[in-house]
Amino acid sequence: MNADHGDVREATAPRSAGHEATRRGRPDLSVRPIGSADLPAWANLLRAVEIVDDQGEHYDTEDLAEEMSDATLSAADDTRALWDGEEMVGYAVVHARPGAQETDRIRLEGAVHPLWRRRGLGTRLLDWMCDRGRQAHTQKNPQVPGLLTTGTGAGNAGARTMLERAGFTPARYFFGMRRVLSEPIPAAEIPEGLTLTTFRPELDAALRATHNETFLDHWGFQPRDEEVWRIWMTGSRSFRGATSHLLLDGDRIAAYVLTYEYEADTAVTGVRDCYIGQVGTRREYRGRGAARALLSRALLAARDAGFDEASLGVDSVNPTGALGLYERLGFRTRREWVNYDLALDEP
């Protein structure tokens, strides 16, 4: 899926007079876990949220079904939805995985329908997510420190206020960058001794191991196990192997760029976007232009495949200097997000 709809949204939103007249007061809402029959209502909720919050992310029922197929996500324990009759007006999901090594990072995501904001529903969902997150930490990774983490748009004052009142603190800022593919794409030479290839399934296991090694020095990274890799990375329905490229040193993966296409985005915007999800270079190959060469090839392949734009997300203080590289390749910042953390008690 996109760069997560994993945030908590409770910003002020415009309301129509008709809706305000019919929803005056605090009617009772039913609460239950999210089931497979609820996916269309969930997609409708996310559609309404995106219209107001403008995060550049759209989801269809297949995207949501894929998310719910994660074997470590228990719908009964880890999800909740608020209902006004047949309409989902808010939701919350807690992502907690076993096997944390240094820190157990538990990701919270949720949203409230714009017409139901300013009624305390966001706080209600956040309180539940924090309680469930603490419980999940105790159940799955009590041997390491726990951290609740979530994010929101940098300009979403309502969500940021709500998170800070709950004890969350800003931890990191991220930029959403984009470039049109009709503009000239800078050429870049393949580093000497390395061989270019597109993604091949037989390289998948080695690619996962390479990714886990490459990102050990990145903020907030947790190694991807086979299940995460299957659901969110190369096994995702959005993954595009034809525009994903690797550099090999013999049989060893030196660097890689993995790309995705989100059909729900295209359906809404009419623009085909090649999302660059992961860019990685092993430490011993850094400083030789590997990432630039791969990105240049990926952009050319995306253009030739009929994509209109390319996009990516980047940590504002990425230790590899990725922000400057992306700017030199023609990417410009379109959106900003802030990640919030809340530390749990030490084990």
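Reader: Where does Arg172 lie?

Author: Happy to start there, with the reminder that this is a predicted model. Asking for the element that holds Arg172 leads to strand E7.

Reader: Is Arg172 buried or exposed, and which side chain does Arg172 join in a polar contact of 2.8 Å?

Author: The relative accessible area of Arg172 is 17%. Buried means under 20%, so Arg172 counts as buried. As for the polar contact of 2.8 Å, the partner side chain belongs to Asp315.

Reader: Good, now to the nonpolar interior. Which element gives the largest share of the largest nonpolar core?

Author: This core has 29 residues, and Ile276, Leu295, Tyr326 and Phe331 touch the most other members. Two or more residues come from each of strand E7 (169-180), strand E10 (252-260), E11, H10, strand E12 (309-315) and helix H11 (322-328). The largest share is seven residues, and the element that gives them is H10.

Reader: Which residues is Phe331 in contact with, leaving aside its neighbours within four places in sequence?

Author: Let's take them in sequence order. Phe331 is in contact with Met177, Arg178 and Arg179, and also with Ile276 and Leu299. The list for Phe331 then runs on through Ala310, Ser311 and Leu312 to Tyr326.

Reader: How many residues are in the second, separate core?

Author: Among the members of this second core are Val89, Trp116, Met129 and Met162. Its number of residues is 26.

Reader: Why is strand E5 described as largely enclosed by the rest of the structure?

Author: Look at both sides of the strand. Asp104, Ile106, Leu108, Gly110 and Val112 point one way from E5, while Arg105, Arg107, Glu109 and Ala111 point the other way, and all are buried. E5 is largely enclosed because its buried residues number nine of the nine.

Reader: How many bridges join E5 to strand E4 and to strand E6, and how do the strands run?

Author: One of the pairs between E4 and E5 is Tyr91 with Ala111, and on the E6 side Asp104 has Gly146 as its bridge partner. E4 (residues 87-95) and E5 run antiparallel, joined by six bridges. E5 and E6 (residues 146-153) run parallel, and their bridges number four.

Reader: What is the handedness of the crossover from E5 to E6?

Author: Follow the chain out of E5 and through helix H5 (residues 121-140) to E6. This is a β-α-β crossover, and its handedness is right-handed.

Reader: Which residue caps the N-terminal end of H3?

Author: H3 spans residues 61-68, and its buried residues are Asp63, Leu64, Glu66, Glu67 and Met68. At the N-terminal end, a side-chain oxygen lies 3.1 Å from the backbone nitrogen of Glu62, and the residue that supplies this oxygen is Asp60.

Reader: Is Tyr285 buried or exposed?

Author: Tyr285 sits in the loop between strand E11 (273-281) and helix H10 (290-304). Beyond four places in sequence, Tyr285 is in contact with Leu194, Asp249, Arg252, Ala254 and Ala290. Its relative accessible area is 7%, so Tyr285 is buried.

Reader: Where does pLDDT stay under 50?

Author: The mean pLDDT of the chain is 89, and 90% of its residues reach 70 or more. Where pLDDT is low, the predicted coordinates should not be read in detail. That caution covers the 33 contacts beyond four places in sequence that the model has for residues 1-6, and the 53 for residues 8-25. The stretches with pLDDT under 50 include residues 1-6 and residues 8-25.

Terms used
Residues numbered from 1 in each chain as written. Predicted model: local features only at pLDDT ≥ 70, side-chain atom pairs only at ≥ 80, totals over all residues. Heavy atoms only, no water. Buried < 20%, exposed > 50% of the residue type's maximum accessible area, 1.4 Å probe, protein only. Contact = heavy atoms within 4.5 Å. Polar contact = N/O pair within 3.5 Å; in protein donor to acceptor, adjacent residues only side chain to side chain. Core = buried A, V, L, I, M, F, W, Y, C linked by side-chain atoms within 4.5 Å. Pairing = 2+ DSSP bridges. Right-handed = clockwise from strand over helix to strand, strands pointing away. pLDDT = per-residue confidence, 0-100.
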